[in-house]
Amino acid sequence: MDTNSDHSLKRKQLSVLDFFNKKTIKPNNDITCEPSQSQSPDSQELILSLNTTSTINTENEKEPIGPIAQQSEPEQHMPNEFLGNENVPTDNVSAVDLSNSIDIGYFINSDSGIDDHTKFGLLEHCWKPYKSFQYPFSCHSKQGRDERRYLRPNHFDQYPWLIYSESKSGLFCKYCTLFLVHNKGGKQKSEPLKKLVTTPLTKYAKLLGKDGDLEVHNNNLYHREAVTRATDFIKTYRSRDKQICNLINSERLRQVEENRKRLKPIVETIIFMGRQNIALRGHRDDGNLIATDSMSCVNEGNFREMLKYRIKSGDTVLENHLKNTSSRATYISHKTQNELIDLCSKEILGFILDDVKKSKYFSIIFDETTDISHISQMSLTIRNVNENNEVHERFIGFLNCHDHVYNHDQNKQSNADLDIHLLNENQMNQNDLPKSEPKLTGEILGNTVISVLLDMSMDLSNCVGIGTDGCAVMTSLVRGAVQQIQKTAKYAVHTPCANHALNLSISKSSNVQSVRNSVGIVQEILTFFNSSSKRSYILKNVLKGNKRTLSSLCETRWIERHDSFIQFQTCLPEIIEALTSISEWNDAVSSSKSKTLLAAICNCEFILTLYTLSMVLSVTLPASRALQGVNQDVVTATRCIEEHIIGVLKDKRKNCDVGFKNIFEDCKTIMEKLDIDIKLPRITKRQANRSNIPSSSPEEYFRLTLYIPLLENVLEDLRARFLDKKNKTVCLIIQLMPCYVVDIAEDVINEIIQVIKEYYSEFRELDTNSITLRGEIELWKSKWIKCKTEGLEVPKRALLALEECHSLLFPNIRQILIIVATLPVSVASAERSFSTLRRLKTWLRSQMGQNRLTGLALLHIHRDIPVSTDNVIDRFASVHKRNIDFIL
């Protein structure tokens, strides 16, 4: 430190003249300055528009969490109704007022007092400095020069009782303001207590030290007594059975327990029906459940009938509840059903989000479809690796995209952590769209996903992966949903669905004319049999001991066509027999159509194409099924495609003579049984729309025009989709897997270190020092080289590598492996949720509400997550006041 700085830190000795000049300075020169006051009015209004309210919940009253309900992290700001009003009313302060603010300044000098619930909320959820908080300062005149004294974070760390009131612009003691018995102190107990108690401390010149304001207050007797009273209050409040009102009124305790037992069978019934996907409502959802006419044949719906069945089975508690309780307190109406379903979904969602936040890193998987009532539904799924190194892909909700984006009541942004630029951009894009055409562009879908995650209090800086299909709306580099999400979740890497890419590669087989024609013929035959009951009856009788029906070709998933082609190939003689029988009917339509189909399939080109395409699908089917598993990671997917599919197809292309000869011999056998001639198609030089390759035999012709083009088209597309290293980040970090690290080169290590420093430098768990990373990677490499030399198995999956990666020896590599395991492989989980959507929202249930749909989907999908009826009842009682008491 230089001499000038040393001199500025020392206290300058004052002369007599300076001393008397100092005495003449007016005392009102000490002013308190807030940095936020320098902001423009427009910026203040914009920031205040993002402020959200917070709800104080007790230990048994958990805050509802949901993908559709808009909630946010508590921000210590004035509620909207108090903005611009310095004289905040403090009368009739209650727990309801507390839901709008937790600034203790609103409760100073309250005339009517503060209830216990509000006091507990102020103590447990008091103001804490948030990330964007600008610490205030006070200006003091010293020797004719203004100096600033700032409030610092260490003040709050050293004195936990210290809180800052933004409404009063000063410091308070949270214990003395709430639990002080007398407002006077001093030796004679006659001086009114002001600083930190009834008036804010706004001068920060002398806070610390022996004679500092904070230390003096901390040592006062009245402060220590207030701390003791606050500690006793918290213990009593948390132990509800020890509260005086409950100890005196034992009858109330008994009544509350009885009321909870009454509601429990209703909650259990809803949970059971949700788990089993049983429709609850019927034609009647009101009226007395226990009717006088016990022989009534009216169907009142599954839920009410299930309650009747419980009563008949001996549930006396439920029977007494429905007989003796007022009609306003039976809690079996359709509105109460929706409320209880929503509370069950929040219980499940809370369990999922707690697990995700414990594991820190997560990936988001989303896809969009249209349900049976023509509503655009977005499915959201979160993938994470928990503390036990187990991968979970858990569905978190359906979202009505148009309703969320274009319904202004639901589209209000309620999360103050959402970036202002992103909010303005989202609103601008929506305003630009014409009202007559509610488009769902990639930007809108991306902003929708961001807003839902922020409403769930998810930290987007911990989002490391995004999983979608390969459509342009999702993956467009200009206005895609992935690009929009990456603007906020800057560490998220897009990993396209491997199954979707594999399906698109297999679809390249349609470039071969004979394959395209044969697939169309198979589809026509299946439609021919399925569209008529008498044709289907003939086919079933002909199949006999074989499978009684044929699977239809999937319109979207080419991999799923394998089973259909295998069945068709196996049952080809029976299918020809059924078509021959139908061709002899008097029905002109059926007979003529069957003769046309017989002519199409009774030729060597169709049979050879059928067997060749089945061979290719038999190679890709096992890989497709493996990639749909939750425990798969990007390393497994890459090796599966490169080694299994591409490797096997390359060998078949290399040995095409032998491979096609085997297929040709099998086809020759079946064609001899069916009396089908093996012959070459007509070849002329002038034909331009069909293959005209000169050949000496049918086997050579079909090998050159069918077998080889099919393999080359599929291989070319597979290489373009899976071997083209477009995502450099993923390609480099997977090199740390044991199966790759044994052969890693020095230049690759340098690239890996550079990528980690560039993309993951903000993660606290990662030490991005180049020397540390290099030493750790070299130690990790030597470990697996030694294992490979000794003949031990080298892990090929991220989860297996995690088990061998010690957190003390390889802390950085362990975090990278967790990120690799967290990256999504496919959107199969989203597709499974769409299957659940079809089971839930049927024709008879097409008018189901969005919250009810999401709640039932969570209950039905997450059967492994327990739902506590006691917690549901606690949530039910805490939402608003009930006609009967369920909690103390």
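Five strands make up an open sheet in this predicted model, and their order is E10-E9-E8-E11-E12, with mixed pairing. E10 and strand E12 (493-494) stand at the two edges with a single partner strand each, so one side of each has no neighbour in the sheet. This sheet is a handy place to start a tour, and the helices and charged pairs around it follow.

## The sheet and its hairpins

Let's begin with E8 and E9. These strands pair in the antiparallel sense, over eight bridges. As general background, strands of a sheet pair through backbone hydrogen bonds, either parallel or antiparallel. If you would like landmarks to find the pairing on screen, look for Phe-366, which stands opposite Leu-380 in E9, and for Thr-369, whose bridge partner in E9 is Gln-377. E8 and E9 form a hairpin with five residues between them, and His-374 in the turn has a positive phi of about 65°.

On to E9 and E10, which also pair in the antiparallel sense, over nine bridges. Gln-377 turns up again here: its bridge partner in E10 is Asn-400. A hairpin with five residues in between joins E9 and E10 as well, and Asn-389 in that turn has a positive phi of about 60°.

How many of the ten residues of E9 are buried? The count is ten of ten. Ser-376, Met-378, Leu-380, Ile-382 and Asn-384 point one way from the strand, while Gln-377, Ser-379, Thr-381, Arg-383 and Val-385 point the other way, and all are buried.

## Helices on the sheet

Helix H17 (residues 442-455) lies across E8, E9 and E10, running at about 55° to E9. H37 packs on the sheet too, touching E9 and E10, and its direction makes about 160° with that of E10.

H37 deserves a second look. This helix covers residues 850-861, twelve in number, and reaches 16 Å from its first C-alpha to its last, close to the 16 Å expected at 1.5 Å a residue. H37 is mostly covered, with ten of its twelve residues buried. Among these buried residues are Arg-852, Leu-853, Leu-856, Leu-859 and His-860. What do the buried residues of H37 pack against? Their neighbours are helix H11 (250-275), helix H14 (334-359), strand E9 (376-385), strand E10 (391-400) and helix H36 (828-840).

## Salt bridges

Across the whole structure, a search finds 28 salt bridges. Three of them are set out here, with the burial of each partner alongside.

| Pair | Closest N and O atoms | Relative accessible area |
|---|---|---|
| Glu-147 and Arg-149 | 2.9 Å | Glu-147 17%, Arg-149 29% |
| Asp-371 and Lys-841 | 2.9 Å | Asp-371 8%, Lys-841 3% |
| Arg-774 and Glu-746 | 2.4 Å | Arg-774 25%, Glu-746 44% |

The Asp-371 and Lys-841 salt bridge links distant parts of the chain: Asp-371 is in the loop between strand E8 (362-370) and E9, Lys-841 is in the loop between H36 and H37, and 470 residues separate them. Asp-371 counts as buried at 8% relative accessibility, and Lys-841 is buried at 3%.

Arg-774 and Glu-746 also form a salt bridge. Arg-774 lies in helix H33 (residues 770-789) and Glu-746 in helix H32 (residues 746-759), so the pair ties together parts that are 28 residues apart in sequence. Arg-774 is partly exposed, and Glu-746 is partly exposed as well. Elsewhere, salt bridges that share partners join Glu-300, Arg-304, Glu-305 and Lys-308 into one network.

In the remaining pair, Glu-147 counts as buried, whereas Arg-149 is partly exposed.

## Cysteines

How many disulfides does a search of the whole structure find? The result is zero. A disulfide is a covalent bond between the sulfur atoms of two cysteines. Why does Cys-667 have no such bond? The closest cysteine sulfur, in Cys-604, is 9.4 Å from the sulfur of Cys-667, which is too far for a bond; the cut-off is 2.5 Å. Cys-667 is buried, with a relative accessible area of 0%. Cys-139 counts as buried too, at 12% relative accessibility.

Terms used. Residues are numbered from 1 along each chain as its sequence is written. This is a predicted model: local features need pLDDT of at least 70, side-chain atom pairs count only at pLDDT 80 or more; totals for chains, interfaces and linings use all residues. Side-chain values use heavy atoms; hydrogens and water are left out. Buried means under 20% relative accessible area, exposed over 50%, partly exposed in between (1.4 Å probe, protein chains only). Helices (H or I, at least four residues) and strands (E, at least two) are DSSP runs, numbered from the N terminus. The expected span of a helix is 1.5 Å times one less than its number of residues. Contact means heavy atoms within 4.5 Å. A salt bridge is a side-chain nitrogen of Lys or Arg within 4 Å of a carboxyl oxygen of Asp or Glu. Two strands pair if DSSP finds at least two bridges between them. Axes are lines fitted to C-alpha atoms, for helices over the stretch in contact, and angles run from 0 to 180 degrees between N-to-C directions.
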